[in-house]
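The following exercises are to be worked with the sequence and the model at hand. Each task is followed by a solution in steps.

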Amino acid sequence: MPVELKGSCHCGAVRFSLQSSTPVPYQLCLCSICRKVGGVGGSINLGGHSKTLKIEGKENISVYKAVLDRDTPEERIASSERNFCKKCSAMLWLYDESWPELIHPFASAIDSPELEEPKTMVCIKLNSKPSYVRLPEGRKEKHEDYGPYSIEEWHKRHKVFAE
(Lines give C-alpha, C1' and ligand atoms only; values in the text may rest on other atoms or scores of the structure.)
Protein backbone atom coordinates (compact mmCIF):
# COMPACT_ATOMS: atom_id res chain seq x y z
CA MET A 1 0.00 0.00 0.00
CA PRO A 2 1.42 3.44 -0.86
CA VAL A 3 2.82 5.61 1.94
CA GLU A 4 1.33 9.03 2.68
CA LEU A 5 4.05 11.68 2.59
CA LYS A 6 3.41 15.02 4.27
CA GLY A 7 5.62 17.98 3.52
CA SER A 8 5.96 21.73 3.76
CA CYS A 9 8.16 24.65 2.89
CA HIS A 10 10.46 26.21 5.50
CA CYS A 11 8.15 29.12 6.42
CA GLY A 12 4.99 26.97 6.54
CA ALA A 13 3.09 28.92 3.86
CA VAL A 14 2.78 25.74 1.75
CA ARG A 15 1.84 22.32 3.10
CA PHE A 16 1.13 19.25 1.02
CA SER A 17 0.50 15.53 1.12
CA LEU A 18 0.56 12.75 -1.46
CA GLN A 19 0.72 8.99 -1.79
CA SER A 20 4.07 7.44 -2.71
CA SER A 21 5.04 3.94 -3.78
CA THR A 22 8.71 5.02 -3.95
CA PRO A 23 9.49 6.74 -0.62
CA VAL A 24 13.16 5.79 -0.06
CA PRO A 25 15.54 8.76 -0.59
CA TYR A 26 18.29 6.75 -2.25
CA GLN A 27 19.41 8.93 -5.19
CA LEU A 28 21.36 12.19 -4.95
CA CYS A 29 21.44 14.23 -8.14
CA LEU A 30 24.46 16.50 -8.51
CA CYS A 31 23.52 18.14 -11.81
CA SER A 32 23.88 21.91 -11.99
CA ILE A 33 20.11 22.42 -11.75
CA CYS A 34 19.75 20.33 -8.58
CA ARG A 35 22.81 21.94 -6.99
CA LYS A 36 21.69 25.48 -7.78
CA VAL A 37 18.02 25.12 -6.85
CA GLY A 38 18.46 22.54 -4.10
CA GLY A 39 21.69 23.64 -2.49
CA VAL A 40 25.36 22.79 -2.88
CA GLY A 41 24.83 19.11 -2.08
CA GLY A 42 22.27 18.52 -4.84
CA SER A 43 18.74 17.18 -4.58
CA ILE A 44 17.05 13.93 -3.67
CA ASN A 45 13.69 13.34 -5.34
CA LEU A 46 11.12 10.77 -4.31
CA GLY A 47 8.24 9.54 -6.44
CA GLY A 48 4.54 10.10 -5.86
CA HIS A 49 1.17 9.67 -7.50
CA SER A 50 0.20 13.08 -8.90
CA LYS A 51 -3.56 12.50 -8.59
CA THR A 52 -3.18 12.22 -4.80
CA LEU A 53 -1.43 15.59 -4.31
CA LYS A 54 -3.28 17.85 -1.83
CA ILE A 55 -1.99 21.39 -1.28
CA GLU A 56 -2.64 24.08 1.34
CA GLY A 57 -1.28 27.50 0.44
CA LYS A 58 -1.30 26.96 -3.33
CA GLU A 59 -1.25 30.75 -3.83
CA ASN A 60 2.28 30.76 -2.37
CA ILE A 61 3.72 28.43 -5.02
CA SER A 62 5.85 29.55 -7.94
CA VAL A 63 7.20 27.39 -10.75
CA TYR A 64 10.68 27.35 -12.25
CA LYS A 65 11.37 25.70 -15.62
CA ALA A 66 15.11 25.09 -15.78
CA VAL A 67 17.34 26.23 -18.61
CA LEU A 68 19.08 23.23 -20.17
CA ASP A 69 22.49 23.51 -21.86
CA ARG A 70 22.74 27.14 -20.80
CA ASP A 71 25.02 29.39 -22.85
CA THR A 72 25.30 26.88 -25.70
CA PRO A 73 23.66 26.70 -29.13
CA GLU A 74 21.48 23.86 -27.74
CA GLU A 75 20.04 26.03 -24.93
CA ARG A 76 16.36 25.28 -24.26
CA ILE A 77 13.77 25.30 -21.49
CA ALA A 78 13.02 22.05 -19.64
CA SER A 79 9.52 20.59 -19.74
CA SER A 80 9.71 19.82 -16.02
CA GLU A 81 8.33 22.28 -13.49
CA ARG A 82 10.08 22.79 -10.16
CA ASN A 83 7.50 24.02 -7.67
CA PHE A 84 8.76 26.13 -4.79
CA CYS A 85 7.45 28.48 -2.10
CA LYS A 86 7.57 32.06 -3.34
CA LYS A 87 7.94 33.32 0.25
CA CYS A 88 10.92 31.26 1.47
CA SER A 89 12.17 29.65 -1.79
CA ALA A 90 12.00 26.08 -0.43
CA MET A 91 11.85 23.51 -3.24
CA LEU A 92 8.74 21.33 -2.91
CA TRP A 93 8.32 19.02 -5.91
CA LEU A 94 9.03 18.50 -9.57
CA TYR A 95 6.29 17.76 -12.10
CA ASP A 96 6.67 16.96 -15.79
CA GLU A 97 3.69 16.63 -18.12
CA SER A 98 5.65 13.92 -19.98
CA TRP A 99 4.75 11.66 -17.02
CA PRO A 100 1.40 13.09 -15.85
CA GLU A 101 0.75 10.27 -13.38
CA LEU A 102 3.96 11.07 -11.44
CA ILE A 103 5.14 13.85 -9.18
CA HIS A 104 8.56 14.01 -7.53
CA PRO A 105 8.67 15.63 -4.10
CA PHE A 106 12.04 16.79 -2.86
CA ALA A 107 13.04 14.64 0.13
CA SER A 108 14.13 17.83 1.90
CA ALA A 109 10.49 19.03 1.95
CA ILE A 110 9.07 15.88 3.59
CA ASP A 111 8.12 16.25 7.27
CA SER A 112 6.56 12.84 7.87
CA PRO A 113 6.94 10.00 8.06
CA GLU A 114 10.64 9.87 8.78
CA LEU A 115 12.17 8.63 5.55
CA GLU A 116 14.05 5.33 5.50
CA GLU A 117 17.81 5.63 5.27
CA PRO A 118 19.07 3.81 2.16
CA LYS A 119 21.81 1.21 2.60
CA THR A 120 23.60 2.69 -0.43
CA MET A 121 23.31 6.23 -1.77
CA VAL A 122 23.18 6.39 -5.57
CA CYS A 123 25.04 9.54 -6.68
CA ILE A 124 24.22 10.62 -10.24
CA LYS A 125 25.44 13.29 -12.65
CA LEU A 126 29.00 13.30 -11.28
CA ASN A 127 29.98 14.75 -14.66
CA SER A 128 28.37 17.98 -13.43
CA LYS A 129 29.84 17.99 -9.90
CA PRO A 130 32.45 20.66 -9.11
CA SER A 131 35.47 19.46 -7.16
CA TYR A 132 34.51 21.33 -3.97
CA VAL A 133 31.24 19.38 -3.63
CA ARG A 134 31.70 16.39 -1.31
CA LEU A 135 29.76 13.18 -1.68
CA PRO A 136 27.88 11.90 1.38
CA GLU A 137 29.49 9.49 3.82
CA GLY A 138 28.74 5.79 3.73
CA ARG A 139 28.23 3.31 0.90
CA LYS A 140 27.84 4.89 -2.51
CA GLU A 141 27.12 3.84 -6.06
CA LYS A 142 28.51 6.50 -8.42
CA HIS A 143 27.44 7.35 -11.97
CA GLU A 144 28.93 9.97 -14.26
CA ASP A 145 25.48 10.48 -15.81
CA TYR A 146 22.16 8.87 -14.80
CA GLY A 147 22.01 5.48 -13.14
CA PRO A 148 20.59 2.40 -14.88
CA TYR A 149 17.24 2.32 -13.03
CA SER A 150 14.24 4.60 -12.72
CA ILE A 151 13.04 5.47 -9.21
CA GLU A 152 10.31 2.82 -9.53
CA GLU A 153 12.68 0.16 -10.89
CA TRP A 154 15.17 0.81 -8.05
CA HIS A 155 12.45 0.46 -5.41
CA LYS A 156 11.18 -2.78 -6.95
CA ARG A 157 14.71 -4.26 -7.25
CA HIS A 158 15.33 -3.46 -3.56
CA LYS A 159 11.92 -4.77 -2.49
CA VAL A 160 10.81 -1.44 -1.00
CA PHE A 161 8.12 -0.56 -3.58
CA ALA A 162 4.90 0.24 -1.68
CA GLU A 163 2.03 -1.05 -3.85
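**Exercise 1. Determine how the lining of the largest pocket divides by residue class, and which elements supply it.**

Solution. In this predicted model, the lining of the largest pocket comprises 19 nonpolar, 15 polar and 8 charged residues. The pocket itself encloses about 1,300 Å³ of space. Among its 42 lining residues, Cys29, Asn45, Arg82, Leu94 and Tyr146 are the closest to the centre.

Next, assign the lining to secondary structure. At least two lining residues come from each of S3, helix H1 (32–38), strand S5 (48–49), strand S8 (67–68), strand S10 (80–85), strand S11 (91–96), strand S12 (102–105) and helix H2 (151–157). The most is given by H1, which supplies 5 residues.

**Exercise 2. Establish the strand order of the open sheet of 5 strands and identify its edges.**

Solution. The order is S5-S12-S11-S10-S7, and the pairing is antiparallel. The edges are S5 and strand S7 (61–64); each has a single partner strand, so one side of each is left without a neighbour in the sheet.

Now examine one pair within this sheet. S7 and S10 are joined over 4 bridges in the antiparallel sense. Within S10, Arg82 is the residue opposite Tyr64. Arg82 has already appeared among the residues closest to the centre of the largest pocket.

**Exercise 3. Repeat the analysis for the open sheet of 4 strands.**

Solution. Here the order reads S4-S3-S14-S15, with mixed pairing. Strand S4 (43–44) and strand S15 (140–142) are the edge strands, each pairing on one side only.

A parallel pair is formed by strand S3 (residues 27–29) and strand S14 (residues 121–124), over 3 bridges. In S14, Cys123 stands opposite Leu28.

**Exercise 4. Describe the largest cavity: what is its volume, and which residues line it?**

Solution. Begin with the count: there is 1 cavity of 30 Å³ or more in the structure. The volume of the largest cavity is about 40 Å³. Its lining consists of Tyr26, Gln27, Val122, Glu141, His143, Gly147, Pro148, Tyr149 and Trp154. By class, these residues divide into 5 nonpolar, 3 polar and 1 charged.

**Exercise 5. Relate the UniProt domain record to the model.**

Solution. An unreviewed UniProt entry lists residues 5–144 as "domain: CENP-V/GFA". In the model, the end C-alpha atoms of residues 5–144 are 30 Å apart. The span is 5% helix and 39% strand.

Terms used:
Residues are numbered from 1 along each chain as its sequence is written. This is a predicted model: local features need pLDDT of at least 70, side-chain atom pairs count only at pLDDT 80 or more; totals for chains, interfaces and linings use all residues. Side-chain values use heavy atoms; hydrogens and water are left out. Two strands pair if DSSP finds at least two bridges between them. On a 1 Å grid over the protein atoms alone, a cavity is a set of points where a 1.4 Å probe fits but cannot get out, and a pocket is an open set with protein on both sides within 12 Å along at least five of seven lines; lining residues have an atom within 4 Å of a point. Grid points are joined across faces, edges and corners, and a volume is the space filled by probe spheres set on the points. Ala, Val, Leu, Ile, Met, Phe, Trp, Tyr, Cys and Pro count as nonpolar, Asp, Glu, Lys and Arg as charged, and the others, Gly among them, as polar. UniProt positions are given in the numbering used here, feature names are shortened, and annotations may be inferred rather than shown by experiment.
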